[in-house]
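Trainee: I should like to learn how to read a protein model step by step. May we work through one together?

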Amino acid sequence: MKQLKNLLLIFVLLLISFSGNVVKAQELPPIPVDVQVSTEQFLNFGAFTVGDAGGTVNVDHTGTRTWTGDVTLLNLGGPVTPALFDVYVNPGTLVTISHPASFELLGDNGNKIYLEVNSYSTGQNFISTSAAEVPNSIYIGGTLQLGNSQANPPGKYSGTITITFNQQ
């Protein structure tokens, strides 16, 4: 009988030693990616004139306006502003800003000028550190490439630019 008790004790000990707690867990689902972008302000170069040699007008992401060549900046009309986009993403999301190298803007006179988007308050890549409900305010500026006064006579020039915000 004592041997049976010993065998039973050994069996129970073996059973206890081989029975471990098996924990199974499912990997957490990835954080939902919900990127929203809204345009809060348009890029505006203000008023200027172009002479015989042409030139450029630049508005950087801080709203500073500069020129090159035969251009005269005028303090008329609406304020000079960089474009402003509010980007809502999850914290830690890497966002890349992309767009074509230049955009064609048409004048009400039928002429064209070209816009290069080239100034960003965050750089073309940034990682959101804001809470998802707090916007990342991205200011973007650019440069107008202007021909001479005959190629770009006075008028209103406008167009649509497409800027893509890709999350990584």
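Mentor: Let us begin with a definition: two strands pair if DSSP finds at least two bridges between them. Please keep in mind that this is a predicted model.

Trainee: How many bridges join E5 to E8, and how do these strands run?

Mentor: Pairing requires at least two bridges. E5 and E8 meet this requirement, and they run antiparallel. The number of bridges that join them is three.

Trainee: Which residue in E8 is the bridge partner of Leu94?

Mentor: Leu94 lies in strand E5, which spans residues 94-98. Strand E8 covers residues 125-127. Within E8, the bridge partner of Leu94 is Ile127.

Trainee: Is Ile127 buried or exposed?

Mentor: Ile127 touches Gly92, Thr93 and Leu94, leaving aside residues up to four places away in sequence. A residue counts as exposed when its relative accessible area is over 50%. Because its relative accessibility is 54%, Ile127 counts as exposed.

Trainee: What is the order of the strands in the open sheet that holds E5?

Mentor: Strand E5 is joined to E8 by three bridges. Four bridges join E5 to strand E11, residues 164-167, and these two strands also run antiparallel. The open sheet has three strands, and their order is E8-E5-E11.

Trainee: Why is one side of E8 and of E11 left without a neighbour in the sheet?

Mentor: The order of the sheet is E8-E5-E11. E8 and E11 each have a single partner strand, so one side of each is left without a neighbour, and both stand at the edges.

Trainee: By what angle are neighbouring strands of this sheet turned against each other on average?

Mentor: The sheet consists of E8, E5 and E11 with antiparallel pairing. The angle ignores direction, and its average between neighbouring strands is 25 degrees.

Trainee: Which residues form the covered face of E5?

Mentor: The uncovered face of E5 consists of Leu94, Thr96 and Ser98. Of these, Ser98 stands opposite Thr164 in E11. On the covered face, Ile97 has Phe165 of E11 as its bridge partner. The covered face is made of Val95 and Ile97.

Trainee: Which residues touch the most other members of the largest nonpolar core?

Mentor: In soluble globular proteins, nonpolar side chains tend to be buried together. The largest nonpolar core here has 25 residues. Elements that give two or more residues to this core include E2, E4, E5 and E9. The members that touch the most others are Ile97, Ile140 and Phe165.

Trainee: Is Ser119 buried or exposed?

Mentor: Ser119 is found in strand E7, residues 112-120. Among the residues that Ser119 touches are Asp60, Tyr139 and Ile140. A residue is buried under 20% relative accessible area. Because the value for Ser119 is 11%, this residue is buried.

Trainee: Which residue has the backbone nitrogen that the side chain of Ser119 reaches?

Mentor: Ser119 also touches His61 and Gly141. The side chain of Ser119 reaches a backbone nitrogen at 2.8 Å, and the residue concerned is His61.

Trainee: How many strands does the secondary structure of the protein come to?

Mentor: Read along the sequence, the pattern is α-β-β-β-β-β-β-β-β-β-β-β. The secondary structure therefore opens with an α element in a helix-and-strand description. Alongside one helix, the number of strands is 11.

Trainee: What share of the 168 residues is buried?

Mentor: The protein exposes about 11000 Å², of which carbon and sulfur atoms supply 57%. Buried residues are those under 20% relative accessible area. Their share of the 168 residues is 27%.

Definitions and conventions:
Residues numbered from 1 in each chain as written. Predicted model: local features only at pLDDT ≥ 70, side-chain atom pairs only at ≥ 80, totals over all residues. Heavy atoms only, no water. Buried < 20%, exposed > 50% of the residue type's maximum accessible area, 1.4 Å probe, protein only. Contact = heavy atoms within 4.5 Å. Polar contact = N/O pair within 3.5 Å; in protein donor to acceptor, adjacent residues only side chain to side chain. Areas by Shrake-Rupley, 256 points an atom, 1.4 Å probe, with all protein chains shown as cover. Axes fitted to C-alpha atoms, helices over the stretch in contact; angles between N-to-C directions. Core = buried A, V, L, I, M, F, W, Y, C linked by side-chain atoms within 4.5 Å.
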